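Trainee: I should like to learn how to read a sheet and a chain interface. May we work through an example together?

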Amino acid sequence: MANLRLCVNPVPCTGCLNCVVVCAQNRAGDHFPGASAISVLLDPFGGEHRHLYCRQCEKPSCAAACASGAISRNLVTGAMVIDETLCVRCGECVSACPFRAVFWRDDLDLPVKCDLCSGAPRCVAACRFGVIRFLSPDHPGFAFRGMPESEQDAQLGRGEG
Amino acid sequence: MTGFGGYAGRILRIDLTRNTVEMQDTSDLLPDWYGGRAMAAKIAFDLIRPGTGAFSPENPLMMFTGPLTGTSAPFSGRTTVCGLSAQGYPHEWYTRSSFGGHWGPALKHSGFDGLVITGRAPHPVSIRIDQGRCTLEDASSLWGLGIYETQKRFMDSPGWRVLAIGPAGENLCRIAIIATETESASGQGGFGAVMGSKNLKAIAVRGTLPLPVYDPEKFGKVCDLVRAEAHGSHGWPHEPKLDPHRVRMFGQKFQACTQGCAVRCYDARFYTSVPSVLSPGRKLSGQMDCVAGLFPGIPNSGYGWKLGFEAGFEVGQIANDQGLNHWEILIGMVPWLRSLKADGSLNEADGAPIDVDDPVFWQHLLMGISRREGRVRNALAEGTVRASHELGIGGESLDRLFPAWGYAGHWDGHGDHINYVFYPYWIVSALQWAIDARDPISSAHGYAQNIMGWSGICSPVHGLSWERIMEVSARVYGTTDAADPRSGYEAKAVAAAWHGNRSVMKDSLTVGDQVFPRIYSNRTEDNYARAGDMEGPTFERHMFNALTGIGWTDAELDAASARVLSLERRLLMRNFGRCRADDESVIPYFQRPENLVNPYIGHPMSLDPHAFRAQLSELYALRGWDDQGKPLS
């Protein structure tokens with residue numbers, strides 16, 4: 001399991017936002033998009049929606065930017081997780097993420113990021129269209145066909161991360 | 001807060017004449033008036049005095065969400081618009097319309113369950129609501145812009161969802177829409193003109209505020225089950241596919257027409273790149289849903305004009321951008337113009353020969369209507385029914401295409417030729433048309449569309465046998481007669497009453513009409529929809545209870561929905577003198593021969609007035625109304 005990551009192919013995305021609302025509800029209990037650790041920038045006029053989600057990078061910028069050592073890898077899931085007891089709420093992780101996938105949660109005054117739902121991501125289950133999948137980076141379908149090499153790096157979390 | 005989950009807790013009351021914004025607690029209305037259409041009906045009954053018209057400043061233009069709107073409940077992104085309607089005929093009756101997209105959820109997360117807008121601003125204004133703060137802004141620079149460009153002016157940062165009118169609404173066209181994104185609109189009702197009469201151009205909302213959930217664990221589980229169960233888009237039980245040619249040529253893709261949609265739909269497609277026919281060199285993008293699929297023309301259907309895909313797509317986008325009602329244009333106006341051309345009573349519209357195969361004619365028609373240019377197009381801006389009377393032409397054709405209340409046919413088996421429904425199923429449509437103040441099918445597709453869609457007529461491979469349809473439907477209606485293709489008038493009032501309540505429920509919770517209520521399934525042994533231990537028709541109630549904590553039974557939710565219909569009826573009677581004779585005015589329309597023949601009968605059927613009146617009486621009785629259609633309580 002430690003090797004599985006979110007894999008997003010935006011092409012079949014219908015803009016339903018089920019991934020966002022389900023993530024938010026799972027994290028906050030209340031229905032609260034501000035708690036979501038995935039975001040979709042809708043493009044209602046061009047149809048090219050953009051997903052902001054964590055790649056669980058091999059060399060994570062968020063952890064590198066965190067002076068208090070609050071972000072570390074969960075060895076079971078492979079997710080980079082925030083230890084809220086160590087977090088000093090400086091927001092450096094939010095600024096550092098090249099994928100804009102660390103979000104600021106106003107109500108708690110804390111950063112939030114994807115922790116892969118302890119190994120069973122809710123967004124993956126909620127997506128009926130195969131946009132978000134949970135795969136090993138070695139899986140042949142991980143970098144989907146036709147994706148430019150630069151974006152493959154991004155998908156794998158190897159780019160600037 | 002309201003003490004219940006799911007509600008934002010406040011309603012915004014905006015008076016554009018006095019330039020004031022006030023808050024009302026949603027809890028004033030709860031739990032009886034439990035969301036969307038229900039809340040609006042209560043406010044309308046208390047607020048709208050007899051003598052008020054659609055364009056009176058006092059007419060409240062209301063946009064309401066429901067408790068489920070925008071939550072993880074699937075298909076829950078819709079918003080219901082209510083008020084006195086500009087399109088209504090012969091009166092500007094109180095009615096409703098709804099739209100999808102992502103606007104309603106943003107309104108709730110901005111802290112409001114709904115808006116009640118009265119008055120008339122002295123100059124064009126827009127409303128901006130950002131995380132609970134509401135401001136009125138000058139919109140003079142937006143006046144005259146199309147709906148797309150208007151929205152873009154607000155979208156300089158992420159998260160803004162915008163509702164707007166186009167020139168058609170500004171110019172008080174009675175067939176003007178209020179729209180968001182490229183194809184989500186409050187289409188029927190002419191509410192775009194009501195908004196225009198208030199000098200209100202747009203409402204931009206943005207919000208991420210939290211909403212409480214009564215039982216998060218249960219609500220999440222119920223929603224997951226319902227989302228996973230939903231299939232087909234509206235009774236067609238198999239998954240639709242993209243067209244490889246259009247994917248390659250025009251970037252065709254599936255696109256949700258409302259937030260929370262969890263199926264690939266028959267009706268909704270987005271196109272990222274379609275070459276313009278009217279402005280060569282330009283590329284167009286946008287959504288094409290539902291009835292807009294008729295713009296290209298469909299051979300031998302009654303809609304057999306020959307625009308072709310590219311021109312049809314472009315004309316549809318013009319209608320969207322100008323803010324004109326697709327249903328009126330495609331099912332009513334253009335077929336009406338075609339018949340006038342055919343019988344020689346109208347050959348040209350303000351200097352342009354009527355040529356429905358020519359996109360230039362469509363552009364001339366639509367742009368002229370939205371700007372009220374020329375005698376014919378200015379008349380058509382009043383809607384086809386009023387135009388026919390004003391111009392003194394096309395009465396016979398009008399009677400064939402428009403069942404009642406100023407609206408073109410819809411799942412009625414007579415005027416609407418694109419939806420396949422035969423006797424006895426359109427008897428239920430006729431009953432629904434009779435007691436409504438608009439085309440009733442908007443949130444009541446669940447009867448005729450579901451039965452026909454699941455039958456071998458529309459789904460020869462994946463459909464169900466008539467016997468199985470009868471077995472499943474008997475669980476809902478209590479009798480196999482309600483859906484038996486060999487039946488007559490018996491039990492049709494039962495089905496009309498049941499779906500009438502479900503229509504209110506969908507417009508109030510809010511959830512999408514093309515999926516709910518879930519009745520038929522091809523994922524269960526007996527083809528009755530189920531998820532976990534929930535039966536299909538109870539999905540809405542399970543989600544509602546887990547979210548709000550109101551804890552109603554099915555009967556209580558049904559009764560609350562019926563109460564809304566009775567209150568709307570009392571408003572129509574008090575303010576417009578609505579009576580049984582009005583309801584029965586639909587009879588001549590349905591006395592024409594049907595379009596499609598029931599194979600068990602073998603010849604076209606038409607309405608039997610005597611049997612219909614008996615069913616109408618039964619429908620009144622089921623509603624708790626007297627024999628004149630007056631609610632008893």
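Mentor: Let us begin with a helix packed on strands, bearing in mind that this is a predicted model. Helix α8 of chain B, residues 308–322, lies across β14 and β15 of chain B. Relative to β15(B), α8(B) runs at about 80°.

Trainee: In what order do the strands β13, β14 and β15 of chain B form their sheet?

Mentor: In general, the strands of a sheet pair through backbone hydrogen bonds, in either a parallel or an antiparallel manner. Here three strands of chain B make an open sheet in the order β13-β14-β15, with antiparallel pairing. At the edges stand β13(B) and β15(B), the latter spanning 283–289, and each of them pairs on one side only. From one strand to the next, the twist averages 20°.

Trainee: Over how many bridges do β14(B) and β15(B) pair?

Mentor: There are six bridges between β14(B) and β15(B), in the antiparallel sense. As for individual positions, Phe270(B) stands opposite Gln287(B), a residue of β15(B).

Trainee: How should I read the interface, and which elements of chain B give two or more residues to the side that touches chain A?

Mentor: The size of an interface is often expressed as the accessible area lost when the parts come together. In this case one may count contacts: 28 residues of chain B are in contact with 27 residues of chain A. The elements of chain B giving two or more residues to that side are α6 (216–229), β13 (252–254) and β14 (268–275). The most comes from α6(B), with three residues.

Trainee: How do the residues on that side of chain B divide into nonpolar, polar and charged?

Mentor: On the side of chain B that touches chain A, 13 are nonpolar, 12 polar and three charged.

Note on methods:
Residues are numbered from 1 along each chain as its sequence is written. Chains are lettered from A and ligands numbered from 1 in the order in which they are written. This is a predicted model: local features need pLDDT of at least 70, side-chain atom pairs count only at pLDDT 80 or more; totals for chains, interfaces and linings use all residues. Two residues are in contact if their C-beta atoms, placed from the backbone, lie within 7 Å. Helices (H or I, at least four residues) and strands (E, at least two) are DSSP runs, numbered from the N terminus. Ala, Val, Leu, Ile, Met, Phe, Trp, Tyr, Cys and Pro count as nonpolar, Asp, Glu, Lys and Arg as charged, and the others, Gly among them, as polar. Two strands pair if DSSP finds at least two bridges between them. Axes are lines fitted to C-alpha atoms, for helices over the stretch in contact, and angles run from 0 to 180 degrees between N-to-C directions.
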